[in-house]
Each structure stands twice: as C-alpha cells, then as structure tokens.
There are 2 protein chains.
Amino acid sequence: MKQYTLVALAFGIVAAGPAYAVTGRDIAMQGTDNVPACSSCHGMKGEGQADLVSARLAGLDAGYILRQLAGFADGTRKNDTMQPVASALTEAERKAVASYYATLPIPKAAGAPGEASKAAAGAVLGRNGDWSRGIPGCGQCHGADGSGVGTLVPRLAGQSVDYIEAQFEAWRTGARKDDPMGLMAGIARKLDKAEIASVAAYYAAAPNVPAIPSGKMAAKAGVTKTGTFTPPPESAIPDNEFGKMVRLGENVFRDTQHYAAQYVGNTLTCQNCHLDGGRMADSAPLWAAFGSYPAYRSKNKHVNTYAERIQGCFRYSMNGDVPPLGSETLLALEAYSFFLAKGAPVGVSMPGRGYPALKKPAKPFDYARGEKVYAKSCALCHGANGEGQKSADGEQVFPALWGVQSFNWGAGMGNIKNAAAFIKANMPFSQAATLSNQDAWDVAVFIDSHDRPQDPRFTGSVAETREKFHNAATWMYGRAVNGAVLGEHSPPSGRRH
Amino acid sequence: MKQYTLVALAFGIVAAGPAYAVTGRDIAMQGTDNVPACSSCHGMKGEGQADLVSARLAGLDAGYILRQLAGFADGTRKNDTMQPVASALTEAERKAVASYYATLPIPKAAGAPGEASKAAAGAVLGRNGDWSRGIPGCGQCHGADGSGVGTLVPRLAGQSVDYIEAQFEAWRTGARKDDPMGLMAGIARKLDKAEIASVAAYYAAAPNVPAIPSGKMAAKAGVTKTGTFTPPPESAIPDNEFGKMVRLGENVFRDTQHYAAQYVGNTLTCQNCHLDGGRMADSAPLWAAFGSYPAYRSKNKHVNTYAERIQGCFRYSMNGDVPPLGSETLLALEAYSFFLAKGAPVGVSMPGRGYPALKKPAKPFDYARGEKVYAKSCALCHGANGEGQKSADGEQVFPALWGVQSFNWGAGMGNIKNAAAFIKANMPFSQAATLSNQDAWDVAVFIDSHDRPQDPRFTGSVAETREKFHNAATWMYGRAVNGAVLGEHSPPSGRRH
C-alpha cells in the first residue's frame, strides 16, 4: 500500500501546477501527485471491480462519497487501501472526484448467472425485511429500487455481490462504524450469511422496483411473525383471481404513490404508519383491523364498515381524495387485509391491535425537549424540517412528518396521544422502544406542533374546528405555538394536482 | 255432558222449522234442536272464557273452525264437550256457525297482569324459536303477529293463556292429533312448561308484530346454538349505536318486507333461505358467510366484498333493486352478520357454511316423483301452486317457491343442486333431514321446473342466457318442461311498483 505514497511522491514535480486545473476526471483517471488513479481499482467507468471487491462509484451521491473519504481518512471506516488515498487528497480534490463519480452514468448491471432464485428471496427481504426480528426491508431506507437516499444512505443497485457482502461483514465486526445510530450494525448482526447473499444478489442485479412477486416467486420467503398472531406468509397468496386482488392490495399498501396515485394528496404510503406492510403488531396491523368492523366511531359518530374506515385513511392521513365504495383500490385493500387476517377471530380485539396506549409521562410533554429528541433520533431520516427524504430516483423513502406532504390536521397521527404511542412502539425505524416514554411524548408534541394541511372538516373557523374535532389536551390544533395559532395558516387540505 | 243432548232434544219441537232459517248467529246464540248455544261456553261475543278453557272463536278462520268441528266429530281432536256438539251439527249448520264466528270482530285482549316478563321471553321464542332444538318461532307459521294462516294454521293472538297451554298439552299427549305432518306434536314435546307459559302469555296479549327487542328485553332469551359454532345470543347486542345498527340488521333480515321494502321485488325475506335469522348451520348461516369475503365468485367473475355478495341476494333471490354501497340497509346487514360472527375465524371455511352438498341420487332426478313429494311434504305450507301462504293480516308467512312472488332465474336456489341441498338439510320446516336424498333431488327439480321472474342478466335470448349463466345439468332454465321452454315466458325481473 505504501507504494502508492511513494509513487505519488515520485510524480510530485511532474504534476505540479495550478490547483484549479485538477479536475475530478483527472484524479479519477490519472491520480494526483499523491494518489494513484481511482480507476486502477474502481474501473475506467467507475463500475467497480468485483474481484478487487471495490465499490461501484458511478452514480453514487457526491455527499456520500465525500463522507466515505472522510471516514477512510479518520478511520471510522477501516480500509488499508483507501486510508492513505483519502488522507492524501485535499478537500478540493475530494469534492472534485466525488462530483465526477456522482455524474457518471450508471452502468447496466448484469445479474450473476445462477443467482435468480437467490435474488428472488432477496427481493422479498429487500422489500419487506423480516420484522419478526426487527429487520426493515433494505428498500425502506435505500429506496425501493435501491437508488439511495441523500448523503447518508447509498445506492445499492448495481454494487457487486462481493462488495455488498463485504460491507455487511464490516458492519457486523465493527470494522466499519460510520453508520448513524448504529443502524447497519444492528441489521448486519441479525442477518445470516444466506440472507445477506440473497439481498446482495438482488441488488447486484440492479433490479427494477419490484411489484409483489407471484406466489411461486415468493414461495421461498419465510413467514413473518408479528406479536401474538401470525398472518399467512406471502407465499400463501394463491395464484388465482383472488390472489391477484390480494397482491394488488399489497402493492397499494406498500407503494401507495404508484398504485393509488389518484387518491393520494401527499407523499406518504400506507405502510408509513402500518409497518411491515400492515403485518406488525402494535403498528396498527391490518389483521387486527379487518375483523373489527363494522364498528361505531366517535370520529364520525356512526357505524363504519371496513371500507369506510379505509376511506378515512385516504381523506386524512393521505390528505387525498376518497376512493369510492366499490372502487378497485378499496376492494384490493380489503382483500389484502382479509388475507392477512386469515384465522383471526371476528369481533375480538386482538393483542397488538392499533398502537399500544402510552402512559402519560412524569413531566408534562414539552416542545423544547421534544425538539432535542427529534434532532437526535428522528431528523436523520425525516429531515431537519420534517420534510422526509427522497431516493436518488425521486421516490419518497422517509415520510414527511409535517408540511404539505404530510398527513393533514384531521389524521389521527395529529393527536399527540396517538403519535407518542406509535413512536414509542415503532421508532426509530428498526430500533423500536428505545426511546423513553417521556421522549416519545415530548417528540410527539414537537412533531404535532408544526403546521400541516387543514382539517378537511374545517368549518371556516379554527376555534370552532378545534372545539368540534380537536377539543382535547393532546391536540395542538388551534393552539398558539411559536407565536402562531396552528390551523390559522394551514395550506388547504385535499389532493393538489 | 249428556245434558246438552237432553237439553237439545227438549228444545227439538220449539226449534222445528225450515233449515234455511237457521243462521250461524242463531246457532251461536241459541243453539239448535240438537245442540246448546255455543255462547254458553264461548261467550256472547265469541271471546272465549278462560275459566272454561274454551277457545276464542271470534275472528278465527271459517275453514279452520270447520276443520275443528270435523275433528271433534270424528275424534281426531278429543274433547268430551265438543264431540257430541260437533256430531249433532249438520254440514250446513257447521258452515253457518263457522262463518258467523269468522266475521265477528276480534276483541281487544288484555295481557294478564304480571305476565310482562314472561311475555317478553315468549316474544323471543315466538319470533325466533330455538333452532338448536329444531323449534321454529310460532310466528314463522302462525304469522309474526299470530293472526293465523289459512285454514290450517289458526290465529293465536288473543287466545287465553289457559287455552293455549291446554292445546300444547293435548298435542304433547296425543289427545289432539289433527296437526298436519305431526308439526305441533313435535314442537309440543320439545318445549318445557315455562316456555309454553311464556309463548301463551305473549300471544294471549294479542301483541303487535314485534321488532327486535332491546338488549334488556332480550336478556332472558336463551343462547341459540347452531352446529359447531355458537353465535352470541341476542342479549349480547349492546345498548349503543352499534347495537342499534345490529338490531336494524336483524329486523331487515327477519322482516325484509318492512325494513327493506324499497329493495324487494317479491314477498320473500332473508330468513326464508337462512333459517333462524341467519344463525342455523347448514342453512347458509351469516356467521360463516361474513368471514368468507372478499372472495372470487365465478358467478360474476370477480372478487366480491361481503357488501356486494349481499347485493346479489337482493338482485336475484329478492328479485329486487340493489341497495347501494354505503346504504343503511347494507351497513345494517353487515353489522348484524359481524355480530353473529363474533369469534369466528376470518378466511376459514367453517363447518355448517352454506348448504351441505348433497350426493347425486341413485336414480336420475324426476319431475313426476318430485310432484308427489311436493304434494305430500311441501304443499301444506307452500301451497298447491307454489304460491306460499299469507297470514290473516296479509303478511306472507310461507314463501312462494315459484311465480312472480318468488326468487328470479338468477338466484342460486334456481339451481337444483342448491335447492336439493337446502331442502335436505332444512325442510320440511322443523323436520329437517326427514326426506330421502332421492326425494330432495326430485322435489327440487319439480320446484325449479316452474317459471319465475326472468334472470336480470337476460341477454334477450333464452338459449344464450342459458349458455352463459345456466349451462349445467342442474339448471332447468332454457329447457322444455310440460311443453314450454322455461325462461321463454318468464315475467320480467326486478321490482315492480
């Protein structure tokens, strides 16, 4: 490795010249005085070299590459080859080379031959995870197509199998520890080698966004166990007309933006609030909801069918238009819920239903403390301004918690009581129940003290709307926060085209 | 008792005169040469006398009275007082006196004091029966208001408690055996004294048609057990908004003519095909149906919600208009089904669901044999022409099996396979499974070889409609019976105003 340094020093004089002349392309293709050409290991097109276990750099986010260089330099990412290289690059050189690789076209990856069945299992794990062990789907952070999110969550699609496997090994052993909140280390320690191989095979093939695989494709995926009730595995979805409807429902549920676009007014998906595709206990699982309707709801003061209950989600949580009764969207969601509820008793409140009510905290919930919790534990994914984050391909990966792209004031999550319960039981993502009750309440009040689209039932008066629909200590709507009354300046509710 | 004869003989000369001069009123109020005045025991207004345990005759059907007189005379109804009286009346006198009493106004009955709670229990038994022991509700044969049906099924409303109890005792011991098909003997042997007292108290009070009693009223009613699954008792319907919707659903289900009049095109009710208010196993119970949807149906070639499945009942079996999705009628039926299904597993086919498939008979099913079975075992209630029977108050009690007031050609019951299965498992009413398989198939083909309203999906051609919807050996639609092709002359389908 030291030879690089020596080589760099040897070329020192030759390469002397004005710093501005050194482009990212120059560094990549020829190196600098102090470092060899990146292309010698990462390929002429930044495509990576599987036999060297070097990363594909083409198309990676520039900020992500910069973070890696910094990590190599300071040792938070241990790599004997890269450490001296990263250390020898100036700040300007790092930026130049990072920008260069970020703009390179992403080479078309070929799936490794004979990896198809492995990749099929990886597709399910990549999309769904295995929440019985607290493992989210890779795509739930890296984007469904693995295109990466921001500077923290890299593109997976097209990386080599060997490279991906090597990173898991590095997370697992602690050789790599630059993952925020220890997210990757936690996951790497839960996956076994076969599972890692399957997701590596899947992402190495640069897959398209996967729809719900057919019953046969999914047959090798394991059963997802949640709480006290085990919904059927995806492999139990039959290959018939009913199964098609169930699969459509799952697609709507997991990828609401694409499969129910006409009814959605923000960038959320159903499974933002119902984790694991509606399978997870204590995250309002569909298997517990399905058999609970028809039921009277105080929210609208009449008996609601399950279909009407789902309409409520679209109207408030999705800030959208209501799918009509009889529409395929509602039917598909009903069919999917019914499928998940197989064997669950009708009319019996099941353990794991909804979000487990959280005791009031010792201290009154507090905006300022909540702001700190948010910065520490939430902003990483949801953004400093609650706006969430999109993948490199523009797909919303981390949901917006307030603002125009979030749920409106009519949604149940706008009630601190519900938000705190959800957060405690499910957040941070894949690190459930790590916040204290106090933290959960505090961060809930912080989140629910930000503006969002108006309540669709708005009467024209915030005070009256609060009185009618938000008249509880756990609703911030209609109360003054930071000098403005929430609801007074809310953007209009409903879908904007 | 002999004194009557002596008295009659003593008046013989006085009463001599032309036979045509003797009116029913004369016989009732003064007697004849041979019999004393009926009023001496039955009261001046035919109101009956509780202390003599004599029947209220006012308003009874004339044919029914005539049948009783014949029964007293020939001993099929044993009564030492009435035997000589009935024997001494000429045929003309019997007719006259029967007609006289039939036209008398029905006196307003006063409920016995202190009988209210007994009557409340009787209301439930009278309306619902106890199908766990094969006991239909009294009102299911005598009319919901106990006003009686035709010449065979007498008015109960307003008879005295003592008289009703005495009749049960007579059925039980066999002292009275003029009940067709042994129907009353079978029921009398199943009821205990307290139950008999309760229905006697209920009908003695000449009740109005009962709606579903409130939870509190029904609290004393027993649990109805059906098959392998026990739906909750009516007493479990909560006294809240949800409970109101459940009760409305039960009312719609049991008395569809009144509670869903706008959607019904014939004189049927839901529980004609789903006995015991949808509770009975092997009679398409609601508790097994609710958790079976959404499901794909080959009938309409798509996945149906439970609401759409109910719509099908209205369109075909009720030959009516479809209650819109979101209508209170559908919601109420869903809520009632949900209530009955409490604890039943979602998506699991439960024993007792639908009608148990009946093996094909040894001999091909046969219209002529079926006609004989019908005459022997069905016509009593359903009428010689399949028209069913109404109560004295005009309410349809026994459903029409063909013709304009029956289900249309699109209904599942028009398929012999389904009809045979239903008949074997449930008919004759309260004497289930007494027909042989061969008889059930034969009578099914007889019933389903009669015309009924057109299939709502009629394409304009019977042959084509058969090809599309009835192309099986178990459909008679489109086939020639008695010289006419079924469907060619069917009255139009749908609700007629």
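A polar contact, as the term is used here, is a pair of N or O atoms within 3.5 Å, and within protein one of them must be able to donate a hydrogen and the other to accept it. Keep that in mind as we start with one helix of chain B, in what is a predicted model.

At the start of helix 4 of chain B, a side-chain oxygen of Asp61(B) comes to within 2.9 Å of the backbone nitrogen of Gly63(B). Helix 4 itself covers residues 62–74 of chain B, and its 13 residues, at 1.5 Å a residue, should span 18 Å. The C-alpha atoms at its two ends are 18 Å apart, so the expected span and the model agree. Just after the helix sits Gly75(B), with a positive phi, near 90°.

Now look along that helix. Gly63(B), Tyr64(B), Ile65(B), Gln68(B), Leu69(B), Gly71(B) and Phe72(B) are its buried residues. What do they pack against? Their partners are helix 5 (82–88) and helix 6 (91–103), both in chain B as well.

Let's step over to chain A and take a wider view. This chain holds 23 helices and six strands. It has 497 residues, and 55% of them count as buried. If you take the contacts in chain A between residues at least 6 apart in sequence, 66% of them join residues at least 24 apart.

Next comes the place where the two chains meet. Each side is listed on its own: 26 residues from chain A and 26 residues from chain B take part in the contact. Together the chains bury about 2,100 Å² between them, with 79% of that on carbon and sulfur atoms. And what about polar pairs? The rule finds four residue pairs in polar contact across this interface, both residues being at pLDDT 80 or more. On the side of chain A that touches chain B, the elements giving two or more residues are helix 13 (241–254), strand 1 (295–297) and helix 18 (328–340). Helix 18 of chain A gives the most, with four residues. Sort the residues on that side of chain A by type and you get 17 nonpolar, six polar and three charged. As for salt bridges, the rule finds zero of them across the interface of chain A and chain B.

Over all chains, though, the salt-bridge count comes to 28. One of them pairs Arg457(A) with Asp455(A), whose closest N and O atoms are 2.8 Å apart. Are these two residues buried or exposed? Buried means under 20% relative accessible area. Arg457(A) has 16% relative accessibility, so it counts as buried. Asp455(A) has a relative accessible area of 1%, so it is buried too. In chain B, the side chains of Asp455(B) and Arg457(B) also meet in a salt bridge, at 2.8 Å from N to O. Both Asp455(B) and Arg457(B) are buried.

A salt bridge can also sit within a helix, as in helix 9 of chain B (residues 161–173). There, Glu169(B) and Arg172(B) bring their closest N and O atoms to 2.9 Å. The two are three residues apart in the helix, so about one helical turn separates them. Glu169(B), with a relative accessible area of 36%, is partly exposed, and Arg172(B), at 40%, counts as partly exposed too. Last, back in chain A, salt bridges that share partners link Arg127(A), Glu234(A), Glu250(A) and Arg254(A) into one network.

How values were computed
Residues numbered from 1 in each chain as written. Chains lettered and ligands numbered in written order. Predicted model: local features only at pLDDT ≥ 70, side-chain atom pairs only at ≥ 80, totals over all residues. Heavy atoms only, no water. Expected span 1.5 Å × (residues − 1). Buried < 20%, exposed > 50% of the residue type's maximum accessible area, 1.4 Å probe, protein only. Contact = heavy atoms within 4.5 Å. Buried area = accessible area lost by both parts, 1.4 Å probe. Salt bridge = Lys/Arg side-chain N within 4 Å of Asp/Glu carboxyl O. Nonpolar A, V, L, I, M, F, W, Y, C, P; charged D, E, K, R; others polar.
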